[in-house]
Amino acid sequence: METFDPAELPELLKLYYRRLFPYAQYYRWLNYGGVIKNYFQHREFSFTLKDDIYIRYQSFNNQSELEKEMQKMNPYKIDIGAVYSHRPNQHNTVKLGAFQAQEKELVFDIDMTDYDDVRRCCSSADICSKCWTLMTMAIRIIDRALKEDFGFKHRLWVYSGRRGVHCWVCDESVRKLSSAVRSGIVEYLSLVKGGQDVKKKVHLSEKIHPFVSKSINIIKKYFQEYALVDQDILENKESWDKILALVPETIHETLQQNFPKYHNSLQRWEYLMKAISLQDSTKNDKCGPYLEWEIMLQYCFPRLDINVSKGINHLLKSPFSVHPKTGRISVPIDLQKVEQFDPFTVPTISSLCHELDAISTNDEGKEGNEAESDIKRRTRDYKKTSLAPYIKVFEQFLENLDKSRKGELLKKSDLQKDF
């Protein structure tokens with residue numbers, strides 16, 4: 001993947017917003033079929049411009065107005081907020097207290113920096129293929145729960161463009177949820193608790209909830225390769241001391257003496273499991289039946305940013321926004337191919353603009369392009385770039401939303417006939 005130069009961003013963004021941004025699909029998403037009057041018009045957008053100029057409470061009448069404004073402002077970052085009681089761009093004219101956030105998708109934000117105490121390959125904003133597995137596990141665990149435990153149908157997973165993933169749950173009933181209910185859902189999905197000073201962050205009770213056992217089943221598929229090979233979590237004394245902090249002190253000495261006799265993390269993990277079960281069968285100071293699971297969860301379980309999910313008026317970065325530091329596009333992730341998703345092959349704004357140049361060169365010799373509408377040309381443009389498969393994932397998501405909406409309308413009209 002070619003290098004991205006942030007100095008070129010303003011020019012690249014102009015081209016991207018003019019010829020590649022999927023406005024039609026984007027409007028189709030946030031308009032939700034136009035079923036609720038003024039739903040799109042009351043939605044807040046916020047733009048971050050060059051030099052960190054931040055403009056909140058933007059709102060637009062229609063797709064064409066959104067397009068014009070984005071092409072005029074050239075935002076470095078686009079955030080999506082709530083649907084308000086009034087048009088956000090008129091919030092200053094509404095009397096105090098009347099301007100209220102009413103609806104928004106339930107969103108989740110998972111950021112790799114929250115795993116810095118358990119990943120050994122990278123830290124802060126850096127990621128690599130060895131720690132990206134954490135995001136794969138997070139998507140698998142959270143998505144299964146949203147689908148099976150809560151029955152949510154319309155879940156859009158999006159790569160943030162740098163070091164994390166976002167999820168947008170778009171079911172009609174979900175968009176209406178109160179802040180308290182959203183908090184309850186995030187609470188249900190959280191098992192790793194405590195800040196930097198807390199060593200042991202997972203405590204399981206005697207009675208295991210199905211959510212925990214199903215999450216463990218997912219982690220088990222990745223644990224050996226991810227934790228014991230790639231992260232090598234028992235490689236040396238410094239790394240195994242972190243794990244010893246999670247087991248009873250009565251076995252520390254035995255483990256410290258015997259760990260050096262083994263050659264790698266795989267062997268040491270096996271020995272650790274034997275030591276724990278031996279401790280459980282012979283001593284009063286039991287490790288607890290789920291110590292192995294507690295360690296696995298602490299090292300692999302998703303870490304959610306609770307505040308992002310519980311606040312209805314909380315802003316979240318928009319899909320198809322460009323990350324100003326990496327140049328990567330915030331693209332939807334295909335749930336059928338989560339394991340194959342590679343953040344390093346995601347198109348950057350510079351690679352897309354080079355692809356566009358190549359298209360333009362090829363098209364120069366062709367006649368009749370003048371009369372072609374802007375929309376038609378844009379569709380043709382993105383379909384010839386590496387953005388195409390990601391827009392296809394987005395369109396499939398929109399298709400399912402449409403089907404669902406039509407199904408609901410049919411149900412309603414059938415019910416009315418019955419009366």
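This tour moves from a small sheet to the helices beside it and ends at two pockets. The model is predicted.

**Stop 1: the sheet**

Select strand 5 (106–111), strand 7 (164–169) and strand 6 (155–159). These 3 strands form an open sheet in the order 5-7-6, with antiparallel pairing. Strand 5 and strand 6 are the edges, and each pairs on one side only. Neighbouring strands are turned by 15° against each other on average, direction ignored.

Zoom in on strand 5 and strand 7. They pair in the antiparallel sense over 6 bridges. Which residue stands opposite Asp109? Pick His166 in strand 7.

Now add helix 4. Helix 4 packs on the sheet and touches strand 5, strand 6 and strand 7. The direction of helix 4 makes about 170° with that of strand 6.

**Stop 2: helix 4 against helix 7**

Keep helix 4 (residues 129–149) and select helix 7 (residues 210–230). Their axes come within 10 Å and cross at roughly 170°. Angles over 145 degrees count as roughly antiparallel, so helix 4 and helix 7 are roughly antiparallel to each other.

Show the side chains at the contact. On the helix 4 side, the residues include Lys130, Leu134, Met137, Ile141, Arg144 and Glu148. On the helix 7 side, look for Phe211, Lys214, Ile218, Tyr222 and Asp230, among others. Colour the contact by class: it has 10 nonpolar, 3 polar and 7 charged residues.

**Stop 3: helix 7 against helix 11**

Hide helix 4 and select helix 11 (residues 291–300). How do helix 7 and helix 11 run, roughly parallel or roughly perpendicular to each other? Their axes come within 10 Å and cross at roughly 75°. The range 65 to 115 degrees counts as roughly perpendicular, so that is the label for helix 7 and helix 11.

Helix 7 brings Val212, Ser213, Ile216, Ile219, Lys220, Phe223 and Tyr226 to this contact. Helix 11 answers with Trp293, Met296, Leu297, Tyr299 and Cys300. By class, the contact divides into 10 nonpolar, 1 polar and 1 charged. Stay on Ile219 and Tyr226 for a moment. Both are in the helix 7 list here, and both also meet helix 4 residues.

**Stop 4: the largest pocket**

Turn on a surface. The largest pocket has a volume of about 650 Å³. To find its centre, select Asp143, Arg155, Asp334, Leu335 and Gln336, the closest of its 24 lining residues. Helix 4, strand 6, helix 7 and helix 15 (388–418) each give two or more residues to the lining. Which element gives the most? Helix 15 does, with 6 residues. The lining has 9 nonpolar, 4 polar and 11 charged residues.

**Stop 5: the second largest pocket**

Move on to the second largest pocket, with a volume of about 520 Å³. It is lined by 25 residues. Centre the view on Lys77, Arg163, Lys317, His323 and Pro324, which lie nearest its centre. Then bring back the strands. Strand 5 and strand 7 from the first stop each supply at least two lining residues, as do strand 1 (43–49), strand 3 (77–84) and strand 8 (316–317). By class, this lining divides into 8 nonpolar, 6 polar and 11 charged.

Definitions and conventions: Residues are numbered from 1 along each chain as its sequence is written. This is a predicted model: local features need pLDDT of at least 70, side-chain atom pairs count only at pLDDT 80 or more; totals for chains, interfaces and linings use all residues. Side-chain values use heavy atoms; hydrogens and water are left out. Axes are lines fitted to C-alpha atoms, for helices over the stretch in contact, and angles run from 0 to 180 degrees between N-to-C directions. Angles under 35 degrees count as roughly parallel, over 145 as roughly antiparallel, 65 to 115 as roughly perpendicular and the rest as oblique. Contact means heavy atoms within 4.5 Å. Ala, Val, Leu, Ile, Met, Phe, Trp, Tyr, Cys and Pro count as nonpolar, Asp, Glu, Lys and Arg as charged, and the others, Gly among them, as polar. On a 1 Å grid over the protein atoms alone, a cavity is a set of points where a 1.4 Å probe fits but cannot get out, and a pocket is an open set with protein on both sides within 12 Å along at least five of seven lines; lining residues have an atom within 4 Å of a point. Grid points are joined across faces, edges and corners, and a volume is the space filled by probe spheres set on the points. Two strands pair if DSSP finds at least two bridges between them.
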